[in-house]
Each structure stands twice: as C-alpha cells, then as structure tokens.
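Let us walk through this structure together, one neighbourhood at a time. Please keep the sequence and the 3D view at hand as you read.

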Amino acid sequence: MPVSAVGEIRMAHGGGGRMSQDLLERVILPRLGRRAAELHDAAVLAPQAGSWAVATDAFVVRPLFFPGGDIGSLAVYGTVNDLLMAGAQPVALTLSLILEEGLPLEVLERVLDSVRDASRRCGIHVVAGDTKVVGRGEADGLYLTMTGLGRVVPGYAPHPRHVRAGDRILVSGDLGRHGLAILNAREALGFEGDLNSDCAPLSEPVEALMAAVDAADLRVMRDVTRGGLSAVLHEIAAAAGLSFQITEAAIPVDAPVRAACALLGLDPLQLACEGRFIAIVSPQCEAAALAALRGCTSSVGAVRIGRVVAGSGVCLEDPLGMRRPMLWGSGEMLPRIC
C-alpha cells in the first residue's frame, strides 16, 4: 500500500518490506536529494588529506515545530555548529529517523523538507541514514540522530588547553531565546515580543573570525547549547585550569527574555541557545575579532563579556565591582529543548 494512501506512519514502514521501501522512495530520499539507485550499506567518501572532526547528537525537542525553527533545522545546525567549534569545515551528514507509529505523514514531510533546506544553507548533504519505527506511545512523534563529518582547517585546533590568563571572552549575540521560545510554545504561556529561537548555522561568523584572527590567537570556541552560558564557561574554565571574570552588565539578554525569565524564576544564563557561541581570544586580537563578528548578520551583537585570570571557577562582577560565583545549574531547567 503506498504511504500516501495511509497518511501516517505504520509499524510496517520500519519492517524492511515493500512499505519500508515505499517510504524511502516516495517520502524520504526525494527530500534529501538522493535516489534509491544510490542506496548501499554505507556512503563512500573520496579521501582527503588532513585531520577530521566527527560530531553526533540526538534531537528530541518538543514541540517539533517552534517559533524560529523545528527539529529538522535544529538537527542540521546543531551538528554543523559542533563541527565548526572544532575548527572544521562540514563535509557530510548522516541522519537516523526514529518514527512513532501514527505519526502523520505530513509531519514527517515537513521535517524532511526542513532538513533538506538547512543542509542546502550549510552547503552539505545527507549521505547516509536509517529509519526505525516504534510503537504508539514509545516516542514523542519522532526523534532524530545526526552525525557530521568535517575537515579541520589546517593550522586551527581551538581547545581549552590553549586558553591563557589575560585572554578575552567574547559572545556572538544575545542569549536565552531558544530555551524560552521552546517553553513558550510548549506550555502556551502567551509571552509576546521577539521570542523566536536563535536556531541558525554559525558558519558565517566562524569563517569571518578565522579569517580575521591568527590561528594561535583563537584559543577556543564553544556553542552555547544545553546548560547555557553558565555551563559552557564552567566547562572551559575547569578544562583550562583558570578562572573567568564575567562582567554581568555586558552579558547580552534581550528585554523580553529577561522579563519572562524573571516571571518564571529562570536564569537566562542557564538557558540553551542554538545559534550563539563564545570565543576566547588573545587580548591583541580582541578588536579584530569583534569587528569580524559584528560584520555578520547572525553575530552583529557580539560583545566582550569578560576575561581570563589565574585561579579557578567563574565569577560575575556587578556594576559596583562586587563579585560572586556564577551559578552552575545542577538539574534540568527545561527538558526536551534540543
């Protein structure tokens, strides 16, 4: 029976028979720009010299579609951004679909269209994948697992071990919108204003930064995802064996996000983003780095938020010069956001 006649995912679509093949040929492959004749057990990539980076992640966001994005674009951008943070240019993606029985076919098609469009925006393709179907109630509609392969740009190896006392800490834009946009959509909280997710690829600002700064001066990059700015800073500071002093007033948080967080008792510094990153650079290249970032649409709001000093931990400095430890969340503020 053609999948279009059924209108939803059935267990047989994951059974490996004709219905599975029909789902692949009529729904999945055309949207990813692939043909059934190309199918094999593995994709074969042409050899290229140099170092390679691999990133993989599972995406379980709820709702599947939210202001500013959806689970399809989120999977592509999240994977691509992880590669970029390692100084790698994305080369190829793989996609694993876990579909719940009863999922409307229209929903799957919208997600696949989003994967295709996001991949095109990043200039890469999905070269391999897999599809499984689970019973009703065993998943939240659909889950995605995406793996990315990227070639490391020669000479670049951003890593916390390169961070030095005196370095500057930059952030590419305002924080907290993704986590709050998901919560607002999921719980129908009714917050108005610019509460769209910041979900986006970081290719343009990362390429601009790498072009403007010598490799040795670009110490480390990290996208601000689960755990938010707080978790990212604590993780890097611990790995570097140094302390970060953050100027509280310099941290960019849009007014609607700040106001909504105040009402809900949330800390915007612990909310995930999907289109923001921090870069730690040498003091000599701070101006060039900020100029490069501010020249890109998605990082026009880049600012310096702090500096690296000897010691350990992360502290916030208020406008009066008083310092206190930055909280590092120990629980799960918002589940199913990425």
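A good place to start is a pair of charged residues: the side chains of arginine 10 and glutamate 8 meet in a salt bridge, 3.3 Å from N to O. Here a salt bridge is a side-chain nitrogen of Lys or Arg within 4 Å of a carboxyl oxygen of Asp or Glu. Arginine 10 is partly exposed, at 35% relative accessibility, and glutamate 8 is partly exposed too, with a relative accessible area of 22%. The word buried means under 20% relative accessible area, exposed means over 50%, and partly exposed lies in between (1.4 Å probe, protein chains only).

Before going further, note that this is a predicted model, in which local features need pLDDT of at least 70 and side-chain atom pairs count only at pLDDT 80 or more, while totals for chains, interfaces and linings use all residues. Residues are numbered from 1 along each chain as its sequence is written, and side-chain values use heavy atoms, with hydrogens and water left out.

By the salt-bridge rule, the count comes to 17. Side chains of opposite charge can pair when their charged atoms come close. One of these pairs is arginine 116 with aspartate 113, whose closest N and O atoms are 3.3 Å apart. Both residues lie in helix 4, three residues apart, or about one turn of the helix. Helices (H or I, at least four residues) and strands (E, at least two) are DSSP runs, numbered from the N terminus. Arginine 116 counts as partly exposed at 23% relative accessibility, and aspartate 113 is partly exposed at 22%.

Another pair brings together aspartate 167 and arginine 219, with their closest N and O atoms 2.9 Å apart. This pair links distant parts of the chain: aspartate 167 sits in the loop between strand 6 (142–152) and strand 7 (168–171), while arginine 219 belongs to strand 8, 52 residues apart. Are these two residues buried or exposed? Both aspartate 167 and arginine 219 are buried. Elsewhere, salt bridges with shared partners join Arg31, Glu109, Asp113, Arg116 and Asp117 into one network.

Helix 4 (residues 105–122) also holds serine 119. Serine 119 counts as buried because its relative accessibility is 5%. A polar atom of its side chain lies 2.8 Å from the backbone oxygen of valine 115. Leaving aside neighbours within four places in sequence, serine 119 is in contact (heavy atoms within 4.5 Å) with Val76, Leu93, Ile124 and Val126.

Now turn to the sheets. An open sheet of four strands has the order 1-6-4-5, with mixed pairing; two strands pair if DSSP finds at least two bridges between them. Which strands are at the edges? Strand 1 (52–59) and strand 5 (126–134) are, as each pairs on one side only. From one strand to the next, the twist averages 15°. Strand 1 and strand 6 run antiparallel and are joined by eight bridges, and one example is aspartate 57, whose bridge partner in strand 6 is methionine 146. Helix 3 lies across strand 1, strand 4 (88–100) and strand 6, running at about 30° to strand 6. For such angles, axes are lines fitted to C-alpha atoms, for helices over the stretch in contact, and the values run from 0 to 180 degrees between N-to-C directions.

Strand 8 (residues 218–223) is mostly covered, with five of its six residues buried. Strand 8 pairs with strand 10 (residues 277–281) in the antiparallel sense over five bridges, and leucine 218 has valine 281 as its bridge partner in strand 10. Both strands meet helix 6 as well: what covers the buried residues of that helix includes helix 3 (71–85), strand 8, strand 10 and helix 9 (286–294). In helix 6 (residues 203–212), the buried residues include Ser203, Pro205, Val206, Ala208, Leu209 and Met210.

Finally, consider the cysteines. How many disulfides are there in the whole structure? A search finds zero, where a disulfide is a pair of cysteine sulfur atoms within 2.5 Å. Cysteine 261 has no bonded partner because the closest cysteine sulfur, in cysteine 273, is 11 Å away, too far for a bond. Cysteine 296 is in no disulfide either, and the nearest cysteine sulfur, that of cysteine 122, is 14 Å away. Cysteine 261 is buried at 1% relative accessible area, and cysteine 296 counts as buried at 5%.

Note on methods
A polar contact is a pair of N or O atoms within 3.5 Å; within protein, one must be able to donate a hydrogen and the other to accept it, and residues adjacent in sequence count only if both atoms are side-chain atoms.
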